[in-house]
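Me: I'd like a close look at one part of this protein, the last helix in the neighbourhood of ligand 1, and at how that part fits with what surrounds it. Could you take me through it in plain language?

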Amino acid sequence: MTTSLSFAARFAARPSSLKTSRAAFKLSLLAFSLTGAFVTSAFAADAPSAATSAPPKSEINAAVGTGVKFTPPPESAIPDDEFGKMVKLGRNIMLDTPKYAKAYVGNTLSCVNCHTDAGRMAGSAPLWAAYVSYPAYRGKNKKVNTFEERLQGCFMYSQNGKAPALGSEPLVALESYAYWLSKGLPVDEKVAGRGYPNLPEPAQAPDYVRGQKVYEAKCIVCHAANGGGQYVNGETVFPPLWGAKSFNWGAGMGSYKNAAKFIYANMPYGMSYSLTPQEAWDVAYFMDAQERPQDPRWQGSVAATRAKFHDSKFSLYGTKVNGKLLGDIGAPKVR
Ligand code: HEC
Ligand code: HEC
């Protein structure tokens, strides 16, 4: 545990670097993970090949494994005018959502925790690919959603908060940022790099105990034994994967299929595509079999909520895992 704590302390500078140079933080994290005791303790024992076969680093080559050719403009190209101010606010909301969109956030996550590299990273549901894909019909709310409406969804579920009103500053800022990132990209919802790369079905059905082993070997050092992440001076250094401060049961990451794809392409941090597909499925299943805030679309009972919103084999909500009924935590907290 001392390893992980000092590891967190090492990155106490992260929150302040957010505003100026997140890239520098990422490189320092990467450099440390390549040279420090971290790799030795967390990976070497379980993945002896990691050192020799050097897995692709998403932080260095965003496009690895995705076949993506598009590169969004560099941040230095954000114009120095009123529009540029809005773009920068959108970027700040992505990087530190609890600070810049406080009224709409009910957990300690930021958009960037799942849409890595400030929403630029191919294979991590990048904002530029999303921007050119709306309006679109969504089965989740059974209507055609505008881009702003899609943004509202991530506030309600992934951020366990509430939706900013259409046309309000947070949504205008995020939309401006996404539009600016997508400059030069044709309008096309099949754009390469959108969402997460496909992951084949696992050879063996995803398994809790195998997933727990992957978690202990490859995730615990950053995300902690209780899945609660790590904090320095109240700022999130490593985000929570489950528990009261994480995404709620209505979030896209709560589908273990989505989670497996995200994890395969993005985790462990700085070691994209280093897990086997089976490991990604198993650890995603394990993560999504833990308790988290109630689905805000609560129908009065777990069974009714499952029947209406979780009728999928990839949602464990309302199912029994290890004798525990998941989601059986009462009505959502009102905020
Ligand atoms: C080196 C530290 C580190 C390791 C090891 C690591 N992660 Fe992460 N993880 C992060 C960071 C940092 C983020 C946020 C990314 C960002 O903000 O750019 C993150 C984000 C996530 C997220 C999305 C945000 C959330 O809280 O839900 C998931 C899911 C996740 N990690 C799962 C895993 C799993 C599963 C493993 C093990 C296979 C793992 N991580 C290993 C550092 C790590
Ligand atoms: C806990 C992880 C998580 C957090 C935090 C999060 N999202 Fe998402 N987001 C997802 C997942 C999962 C999807 C679905 C991706 C898919 O279906 O391929 C998604 C989808 C999206 C999409 C649509 C992508 C597309 O291509 O259609 C947008 C836009 C988006 N999120 C914006 C945001 C914004 C803005 C924030 C912060 C206010 C945010 N998200 C916070 C996990 C997260």
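Reply: Before we start, one cut-off: a residue counts as buried if 20 or more other C-beta atoms lie within 10 Å of its own, with C-beta atoms placed from the backbone. Keep in mind too that this is a predicted model.

With that in hand, take helix α16, residues 277-287. Nine of its eleven residues are buried, so by the cut-off of 20 or more neighbours the helix is mostly covered. The buried set is Glu279, Ala280, Trp281, Asp282, Val283, Ala284, Tyr285, Phe286 and Met287. What do these residues pack against? The buried residues of α16 sit against α13 and α15. For scale, buried residues make up 44% of the 335 residues in the protein.

Now follow the contact with α15 from the other side. Tyrosine 256 is found in α15, and tyrosine 256 touches Ala284 and Tyr285, among other residues. Both of those belong to the buried set of α16. Leaving out residues up to four places away in sequence, the other partners of tyrosine 256 are Pro206, Asp288, Phe314 and Leu316. Is tyrosine 256 buried or exposed? Tyrosine 256 is buried, because it has 26 other C-beta atoms within 10 Å. The C-alpha atoms of tyrosine 256 and aspartate 288 are separated by 6.0 Å, although the two residues are 32 apart along the chain. That pair fits a wider pattern: among contacts in the protein with a separation of 6 or more, 67% are between residues 24 or more positions apart.

Next, the link between the two helices. The loop between α15 (256-266) and α16 holds proline 268. A cis peptide bond joins methionine 267 to proline 268, with omega at about -10°. Proline 268 also turns up at the ligand: together with Cys219, Cys222, Pro239 and Tyr269, it is one of the closest residues to ligand 1.

So what does the rest of that site look like? There are 28 residues around ligand 1. The elements giving two or more residues to this shell are α8, α13 (208-218), α14 (220-223), α15 and α16. In other words, α16 and the two helices its buried residues pack against, α13 and α15, are each on the list of elements that line ligand 1. By class, the shell divides into 22 nonpolar, five polar and one charged residue.

One more name on that list is worth following, and it is α8. Helix α8 (111-114) also supplies at least two residues to the shell around ligand 2, as do α10 (127-131) and α11 (147-158). In that second shell, α11 gives the most, with five residues. Ligand 2 has 26 residues around it, and Cys111, Cys114, Cys154, Gly195 and Gly252 come nearest. The classes here are 15 nonpolar, nine polar and two charged.

Close to this second site in the chain order there is another cis bond to look at. Tyrosine 134 and proline 135 are joined by a cis peptide bond, with omega at about 5°, and proline 135 is in the loop between α10 and β1 (136-138). On the other side of α10, the loop from α9 (116-119) holds alanine 125. Alanine 125 has phi near 45°, a positive value in a residue other than glycine. Alanine 125 is buried, because 24 other C-beta atoms lie within 10 Å.

Compare lysine 142, in the loop between β1 and β2 (143-145). Lysine 142 also has a positive phi, about 55°, although it is not a glycine. This lysine is exposed, because 7 other C-beta atoms lie within 10 Å.

To finish, a look at the hairpin. Strands β3 (residues 230-232) and β4 (residues 235-238) run antiparallel and are joined by three bridges. Glutamine 230 stands opposite phenylalanine 238. Two residues lie between the strands, and asparagine 233 in the turn has a positive phi of about 50°.

Terms used. Residues are numbered from 1 along each chain as its sequence is written. Chains are lettered from A and ligands numbered from 1 in the order in which they are written. This is a predicted model: local features need pLDDT of at least 70, side-chain atom pairs count only at pLDDT 80 or more; totals for chains, interfaces and linings use all residues. Two strands pair if DSSP finds at least two bridges between them. Helices (H or I, at least four residues) and strands (E, at least two) are DSSP runs, numbered from the N terminus. A residue is near a molecule or strand if its C-beta atom, placed from the backbone, lies within 6 Å of it. Ala, Val, Leu, Ile, Met, Phe, Trp, Tyr, Cys and Pro count as nonpolar, Asp, Glu, Lys and Arg as charged, and the others, Gly among them, as polar. A residue is buried if 20 or more other C-beta atoms lie within 10 Å of its own, exposed if 12 or fewer, and partly exposed in between; C-beta atoms are placed from the backbone. Two residues are in contact if their C-beta atoms, placed from the backbone, lie within 7 Å.
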